[in-house]
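Open the model in your viewer and keep the sequence beside it. This tour goes from one selection to the next and says what is there.

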Amino acid sequence: MLFDVKKVKIFVMVPVENVQQVRDAICDEGAGIIGNYSYCTICTKCIGTFKPSDKANPYIGEKNKIEYVDEEKIEVICDIDLVKKVLSRIREVHPYEEPGIEIIPLIDEESL
């Protein structure tokens, strides 16, 4: 069975204090539209961990030390044609040098 992927779900982990700025950027680029509704996102509180290397330039924490950060995972649906533009915008406004981003293809109900 072949599926024509028209939408994806983008997940991005963000420090709590930067959530609104990243959410605005995502939605201003056209993601987060479901039917007649815009700005559709969901956030889950989480704790992110990371250990910056000697070559890193960490926004939070210190090189070679494990860091635990209160974060939120923003989830948003995005048209496949907008994904690269949305990802570019996320990277522009996200405070992390390497933001945690996941992209999952979605199957449209009409394809089933």
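On this tour, a helix is a DSSP run of H or I with at least four residues, a strand is a run of E with at least two, and both are numbered from the N terminus. With that in hand, select G30: this glycine comes just after helix 1 and takes a positive phi of about 105°. Keep in mind throughout that the model is predicted.

**The whole chain**

Now show the whole chain as a cartoon. How many helices and strands does the chain have? There are two helices and four strands, and along the sequence they follow the pattern β-α-β-β-α-β. Along the principal axes, the C-alpha atoms fill a box of roughly 50 × 30 × 25 Å. The chain has 112 residues, and 34% of them are buried. Its exposed area is about 7400 Å², of which carbon and sulfur atoms supply 50%. Take the contacts between residues at least 6 apart in sequence: 73% of these join residues at least 24 apart.

**Strand 1**

Select V14, which is found in strand 1. Is V14 buried or exposed? V14 is buried, because its relative accessible area is 0% and buried means under 20%. Beyond its neighbours within four places in sequence, V14 is in contact with V19, V22, E71, E72, I74 and H94. Add V69 to the selection: 55 residues separate V14 and V69 along the chain, while their C-alpha atoms are 9.4 Å apart.

Next, move to N18, in the loop between strand 1 and helix 1. N18 is buried too, at a relative accessible area of 8%. Apart from residues within four places in sequence, N18 has contacts with Y59 and P95.

**The core**

Select I10 and I26. These two residues have the most contacts inside the largest nonpolar core, which has 17 residues. Which elements give two or more residues to this core? They are strand 1 (7-15), helix 1 (19-28), strand 3 (67-79) and helix 2 (83-93). Helix 2 gives the most, with five residues. Nonpolar side chains tend to be buried together in soluble globular proteins.

Stay on I10 and show what surrounds it. Leaving out residues up to four places away in sequence, I10 touches I74, E75, V76, C78, V86, L87, I90, I101 and E102.

**Helix 1**

Select helix 1 and colour its buried residues, which are V19, V22, R23, A25, I26 and C27. They pack against strand 1, strand 2, strand 3 and helix 2.

**Helix 2**

Then select helix 2 and look along its axis. V83, V86, L87, I90 and V93 are buried here. They cover an arc of only 135° around the axis, so they lie on the same side of helix 2. An α-helix has 3.6 residues a turn, so residues three or four places apart point the same way. What covers the buried residues of helix 2? The cover includes strand 1, helix 1, strand 3 and strand 4. Turn the view to the face away from the buried side, where the exposed residues K84 and E92 sit.

**Two loop residues with positive phi**

Most residues other than glycine have a negative phi. The next two stops depart from that pattern.

Select Y39, in the loop between helix 1 and strand 2 (42-50). Its phi is positive, about 65°, although Y39 is not a glycine. With a relative accessibility of 36%, Y39 is partly exposed.

Then select N64, in the loop between strand 2 and strand 3. N64 is not a glycine either, and its phi is positive, near 60°. N64 counts as partly exposed, with a relative accessible area of 43%.

**A patch on the surface**

For the last stop, show the surface and select F3, I107 and L112. These residues make a nonpolar surface patch of about 320 Å². Where does L112 lie? L112 is in the segment after strand 4 (101-106). L112 is exposed, because its relative accessible area is 70% and exposed means over 50%.

Conventions
Residues are numbered from 1 along each chain as its sequence is written. This is a predicted model: local features need pLDDT of at least 70, side-chain atom pairs count only at pLDDT 80 or more; totals for chains, interfaces and linings use all residues. Side-chain values use heavy atoms; hydrogens and water are left out. Patches are made of residues with over 30% relative accessible area and no salt bridge: like charges are joined within 9 Å, nonpolar side chains (Val, Leu, Ile, Met, Phe, Trp, Tyr) within 5 Å. Accessible areas come from the Shrake-Rupley method with a 1.4 Å probe; for residues, only the protein chains shown count as cover. A salt bridge is a side-chain nitrogen of Lys or Arg within 4 Å of a carboxyl oxygen of Asp or Glu. Buried means under 20% relative accessible area, exposed over 50%, partly exposed in between (1.4 Å probe, protein chains only). A nonpolar core is a set of buried Ala, Val, Leu, Ile, Met, Phe, Trp, Tyr and Cys residues joined through side-chain atoms within 4.5 Å. Contact means heavy atoms within 4.5 Å. The arc is that of the directions from the helix axis to the C-beta atoms.
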